[in-house]
Amino acid sequence: MNKFIQHTIAASMAVLAMGATGCSDFLDKQPSNELNEDKTYADWRMFEAFHVDTYNFLLHGANRINGSWLDAATDLAQTSFSTGGTLTTFNIGNYYGSAGSAELTSVWESRYRGIRKCNRVINDMDRVPFDITKTEEENKAIRAIYMAEARTFRAWFYWELFLRYGPLPIVTEVLDPTEDMITPYTKRPTLKEYVMDFVLKELKEAETDLLAYAEAWNGSRIGRLSQPMSRALQCRILLYMASPRYSDESGVTWKEAADAAKEFINLYSGNFGLFSEENIDPSENYGNAVLRTQYTGNNNEVIFFRNDVTINWNGIVQDTPVGEGGNGGNCPSQNLVDMYDMADGSSPFAEYDVTGAPVYNNGVPAVNAASGYSDADMWTGRDPRLAATLLYQGQPWGTMRVGSTIDVRPGMADNPIGNANATPTGYYMRKYIPASILASNHAGTAYRLWTIIRYAEILLNYAEALNEVQGPCSEVYEMLDMVRHRAGITGSTADRADLRTKEAMRNFIHKERTVEFAFEEHRWWDVRRWNCAVEALARPIYGVNVAMDGTVTRKVSQNRVFEPHMYLYPIPEEEEWKTQIDNNPGW
């Protein structure tokens, strides 16, 4: 969403007598869906505001699940405070817990409401009179764009539902919002019917009428749905459909997924790239890749994002170290730390599994002695993305603590005795936390946009799919090195003797995706499509203790529950009772 869209939404909200809201409480209201239809269809400006409001249905991942992040349901993190939504639901296998409703049930409700909004635009636009300030040609052009946007949004919302619940009834009519949202639609389509014959078909057919890159990427329209965004989403869906969990039913091959990613690179590599500024630390480039956009920092990496207004200290207090006055929040795991390579590009550990994690023996991975890694000094000489993603003992950070460094030793600033929110893993979150807010006694402000697709994903999509087609090759190495070198890693993947087989490269790419996209809501879905969610999500969460003398020891921070039927969420109980729709297996 860009400044034009922000202003349009603000104006429409004023017309509708509602204040501007963030995504978290917008989904609790849905006022625009309840507008009187006669008023909505009587005036083009009102109808336009109704449509543009659909951008508010894009989810923002920060603190979305009762103050916690979705990646805290994976092996990447653990929520520190007891009320965190993932802590009391996903982590213990409680998929009916109310604290997780923002992910477990509200997504169902909000996606179907978003779909209804799109259906109104698609089916009823012809009822709205032309904008008298525009020519007939201009009116037809903008209506074609809005029609394409509505179809694209609808496909996106259906995709989000698919990830959580599997194929669901496809509703293309405008249903009465006072009635059940999907009655009498109870038949569940096949995966192919749902994803290939509807979602992908909608995206492909609507793509031509979306704004082209030159139209969408300018000061007044940045953030609008566009042809590059649609094509990037198609790349993601084809990669998923070629993956082990879905390929048999979808019929999509790894070559098709590779070709789609390659075509995006051929079409748009002149427009998009990996965000990088000269004369700054590479880890800052990596961190800024998810905080900036074209209009807030000349970031050509972001393709599709959810925009919000600027935030202040209250926007990050939930995930800030307790020594800084925060609530701890999304605390990274040792599992995640163990996935980072050394800064010279070598692997610190001897063996990795299909989840991308090192192979653990009694909670400890076997060390690759040639790398120079040691548990006694585990954060030195590592991939710079580690320091850009999480905060560890002795790392400079903040303004409120003595020495402005992280101190998780017993009784010290970030691990005080009696503070229930102190990190359980020995780490705090760094990524997605704008450091500028901490300046001037927490008086700063900053944007924290939510990145949905960025160019690094396209490169890693291509590397993954191409490796499955022909194994390690020059293009696979090239894609990986582009992403890694931007972050400041030296050395080439082509020089590594441990990356010469398809299987070894597969595990490496799984690891690389995990560290590159940590806390961007990829891991939860990636381990599912790779068919290794049980292996990844049922293993313990590891952490560290740091003694007063600085000695670091590994520990089990939390045991997790994940069983095969948890690959899909249960259909919300109320919907199952009302519609008699078949629930997912095991629920």
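This is a short dialogue about one helix pair and one pocket in a predicted model.

Trainee: Let's start with the helices. How is a pair of packed helices described, and what are the values for α4 and α7?

Mentor: Good place to begin! Two packed helices are described by the angle between their axes and by the distance between those axes. Here, α4 covers residues 44-52 and α7 covers residues 136-165. Their axes are 11 Å apart, at an angle of about 30°. Angles under 35 degrees count as roughly parallel, so α4 is roughly parallel to α7.

Trainee: Is the crossing of α4 and α7 left-handed or right-handed?

Mentor: That crossing is left-handed.

Trainee: Which residues of α4 and α7 meet?

Mentor: On the α4 side, look for W44, E48, H51 and V52. Their partners in α7 are I142, R143, Y146, E149 and A150. Sorted by class, this contact has five nonpolar, one polar and three charged residues.

Trainee: Thanks! Now for the second largest pocket: how much space lies in it?

Mentor: About 460 Å³.

Trainee: And which residues of its lining lie nearest the centre?

Mentor: Try selecting G287, N288, L291, R430 and A435. They belong to a lining of 22 residues. The elements giving two or more residues to that lining are α13 (282-288) and α16 (384-389). Helix α13 provides the largest share, four residues.

Trainee: How do the lining residues of this pocket divide by class?

Mentor: There are 12 nonpolar, six polar and four charged residues in the lining of the second largest pocket.

Terms used. Residues are numbered from 1 along each chain as its sequence is written. This is a predicted model: local features need pLDDT of at least 70, side-chain atom pairs count only at pLDDT 80 or more; totals for chains, interfaces and linings use all residues. Side-chain values use heavy atoms; hydrogens and water are left out. On a 1 Å grid over the protein atoms alone, a cavity is a set of points where a 1.4 Å probe fits but cannot get out, and a pocket is an open set with protein on both sides within 12 Å along at least five of seven lines; lining residues have an atom within 4 Å of a point. Grid points are joined across faces, edges and corners, and a volume is the space filled by probe spheres set on the points. Ala, Val, Leu, Ile, Met, Phe, Trp, Tyr, Cys and Pro count as nonpolar, Asp, Glu, Lys and Arg as charged, and the others, Gly among them, as polar. Axes are lines fitted to C-alpha atoms, for helices over the stretch in contact, and angles run from 0 to 180 degrees between N-to-C directions. Angles under 35 degrees count as roughly parallel, over 145 as roughly antiparallel, 65 to 115 as roughly perpendicular and the rest as oblique. A crossing is left-handed if the near helix is turned anticlockwise from the far one by less than a right angle, and right-handed if clockwise. Contact means heavy atoms within 4.5 Å.
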